[in-house]
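Got your viewer open? Here is a short walk through one structure, with something to select at each stop.

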Amino acid sequence: MFKLSSRFKPTGDQPQAIEKLTQGIKSNLKNQVLLGVTGSGKTFTMANVIQNLNMPALIISHNKTLAGQLYQEMRDFFPTNEVSYFVSYYDFYQPEAYIPTTDTYIEKEAEINELIDKLRLRATTNILIQKDVIVVASVSCIYNIGSPVEYGKFIAEIKIGETADWNKIARRMIELLYDRSEFEFKRGTFRIRGNYMDIYPAYEDFGYRLTEKKGKINEIIKFEPLSGKVIVTKGNSTSGVELATISTQLKYIIIYPAKHYLMNPDLFKSAEAQIRTDLKKESAILKAQNKTIEAERLIRKVNYDLEMIKEVGYVNGIENYSRYFDGRKPGDPPNSLLNYFKQAYGDNFLVFIDESHMTVPQLRGMYNGDHARKKTLIDFGFRLNAAYDNRPLRFDEFYPSVPHLIYVSATPNEWETKLAGSSNPLHLSGVTEQLVRPTGIVDPQIIIRPAKNEVQDLIKEVEERVKNKEKILVTTLTKKIAEDLTEYLKERKIRACYLHSDIQTLERSDILDNLRKNEFDVLIGVNLLREGLDLPEVSLVAILDADKEGFLRSKTSLIQTMGRASRNITGEVIMYADVITKSIKGAVEEIDRRRSYQNKYNQEHHIEPKTIYKPVREKIIEGERASMFNDRKTEYTSKVLEDIKTESLTPYDKKRTVKKLELEMKRQAEDLNFEFAIKIRDKVNELKES
């Protein structure tokens, strides 16, 4: 059962919104829209709908920052239920590509964030074994991740009393793509030590220890991988494990795979035969087109991949053969996160599309870009045609697969509102408005000033608010302007920071937290400062070049940006513009309408508006932080490097030290401390050579 935990109760127009959306789902409506102004508690409304219907839910956001914030909020609302986080796990991703004009082949290169990978694996595992699941995802959830049927089949079930055959269990773990590691015990590995075996699931924060006695497994416990401390567990099942009612003893455990995409060895022979048949046909077509080089390239590439899969069960780019292993026909939709929901719950689940005015266009557009890149690779002999089927879902595939859709936005598109009305069998409006803020805060005052001296005027406004310990958001048109303006403000002794898409996923959440913690006063961004950010300390939003009509200065974008100042009673928006564009006029009119609505409600209910300051939530990954972000516990100096004695370190310690030093080397280079970065590089090489 979903159990919502909150010290607040629905108020304002939240109760009618919750009731209307709930009844819509019960009436089997396909499409509904929740039009809620910033600060009206849309996330709280969503949580109440989930609890009322007691249905698993997928919440899709258009960027990772907002997905992270939603994950934190839902985790707070449902502390006893399974709330998961599913976003792209790449800190860096360069897709495989070919540029014909320069004859340049770019191999796929990726830097995977292990913590996000863990949360993705936990999400899919939770879906298959739990009923009370909420997954907050980015639009990456429509990409191919392998079959949920095969993922569900690939498990290792280990019980008390079974024969303690470590070799047999080890072989099974390797089939699940776990690595044997005696030195570095990390997620996705196992080790054997005499009469016990340790397994560290790829999706958990703890390990399992199996102990042998008289040839049988006589004990299974959970323990902390770093300290070895036994974890005492009581009561209900967790992550597919049936726990003993008392003490630390487990009756049995189920281990799920370490990767989403697996290849069933039993299917490999038939798949290999089909791959070789297609290879013969497609290479012949290339030769007939007088593309001899491309044909030979394709033959070499596919033969190499097949040999690697046959020998080690995996190859970089195996997902391009997924259609053969999944049993799909050419053109069939890929297996995405939605397939896991369908596999586990049938049509009994909800999908919320948060900030739908942005998310729906992204869902629509992802297929075309992927297809264009794949076409070039296939035309020039780098991939079989089957690579087309390793792709994101097309929107016409995504839409029918979802039983219930609720579009959530302060500025929904016309397409969503029309669809919600036309598909409603009750002939009622499918749009639910939520225009009242329980805090009574009205939408911000809007001031329009000339753009001629916008930066100097902005500095005066910033200095005034900094005196009052208030925070400021500034939106620019480009990343370069955001970075340059940040440096300019710093030179004026103003504490500023920028935020844009080049910043790593989890570091973005840290920057937002740091603003709230008073580590700086001005946050400057391009497109990430619009939707969904919950920053009650912000009293001013400044929009530079507001009259540059276009995507970033459209009516929708302006309303969303203005909304960042609507969580503080002193909130103001300053737009710097020399011309009043159609978008500016429309945005101002809509904000004025919402101000009137809120003022009328406040008068009728005798509400005195007040700013509610929320505590900064704990970090997104349950208190864990990877050292690749801001955890810089060591202040590196030349003496620190000299104190690292290569001969006194174990192989495990050397690997850990190399990772830390490589990250520090990158930091120093980014700070232009090239000489010290070279010293760190030399120490890294010394450790690697030893």
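Before the first selection, one convention: two strands count as paired if DSSP finds at least two bridges between them. Keep in mind, too, that this is a predicted model.

**Stop 1: the parallel sheet**

Start with strands E20 to E25. Six strands make an open sheet in the order E20-E25-E24-E21-E23-E22, and the pairing is parallel. Which strands stand at the edges? Select 445-449 for strand E20 and 496-499 for strand E22: each has a single partner strand, so one side of each has no neighbour in the sheet. From one strand to the next, the twist averages 20 degrees.

Now zoom in on E21 (residues 471-475) and E23 (residues 522-525), which run parallel and are joined by four bridges. Show Ile472 and you'll find Val522 of E23 opposite.

Next, add the helices. Residues 479-491 are helix H15, which lies across E21, E22 and E23 and runs at about 170 degrees to E22. H18 packs on the sheet as well, touching E20 and strand E25 (572-576). The direction of H18 makes about 155 degrees with that of E20.

**Stop 2: a cavity by H18**

Keep H18 (582-605) on screen and add helix H17 (555-562): each supplies at least two residues of the lining of the second largest cavity. The structure has three cavities of 30 Å³ or more, and the second largest has a volume of about 40 Å³. To see its walls, select Thr38, Ala410, Arg437, Asp443, Ile559, Gln560, Gly563, Ile591 and Arg594. What does that lining have by class? Colour it and you get three nonpolar, three polar and three charged residues.

**Stop 3: the mixed sheet**

Jump back along the chain to strands E10 to E14. These five strands form an open sheet in the order E10-E11-E12-E13-E14, with mixed pairing. At the edges are E10 (179-180) and E14 (216-223), each pairing on one side only.

For an antiparallel pair, pick E12 (residues 196-200) and E13 (residues 207-213), which are joined by four bridges. Click Ile199, whose bridge partner in E13 is Tyr208.

Then bring in helix H6 (residues 166-175). H6 lies across E11 (189-193), E12, E13 and E14, running at about 10 degrees to E12.

**Stop 4: a salt bridge on a helix**

Side chains of opposite charge can pair when their charged atoms come close. The structure holds 46 salt bridges, so let's pick one of them. Select Lys310 and Glu307, which form a salt bridge with their closest N and O atoms 3.9 Å apart. How are the two placed in helix H8 (residues 292-312)? Lys310 and Glu307 are three residues apart there, which means that about one helical turn separates them.

Key
Residues numbered from 1 in each chain as written. Predicted model: local features only at pLDDT ≥ 70, side-chain atom pairs only at ≥ 80, totals over all residues. Heavy atoms only, no water. 1 Å grid on protein atoms, 1.4 Å probe; cavity = no way out; pocket = protein on both sides within 12 Å on 5 of 7 lines; lining within 4 Å. Points joined across faces, edges and corners; volume = space filled by probe spheres on them. Nonpolar A, V, L, I, M, F, W, Y, C, P; charged D, E, K, R; others polar. Contact = heavy atoms within 4.5 Å. Axes fitted to C-alpha atoms, helices over the stretch in contact; angles between N-to-C directions. Salt bridge = Lys/Arg side-chain N within 4 Å of Asp/Glu carboxyl O.
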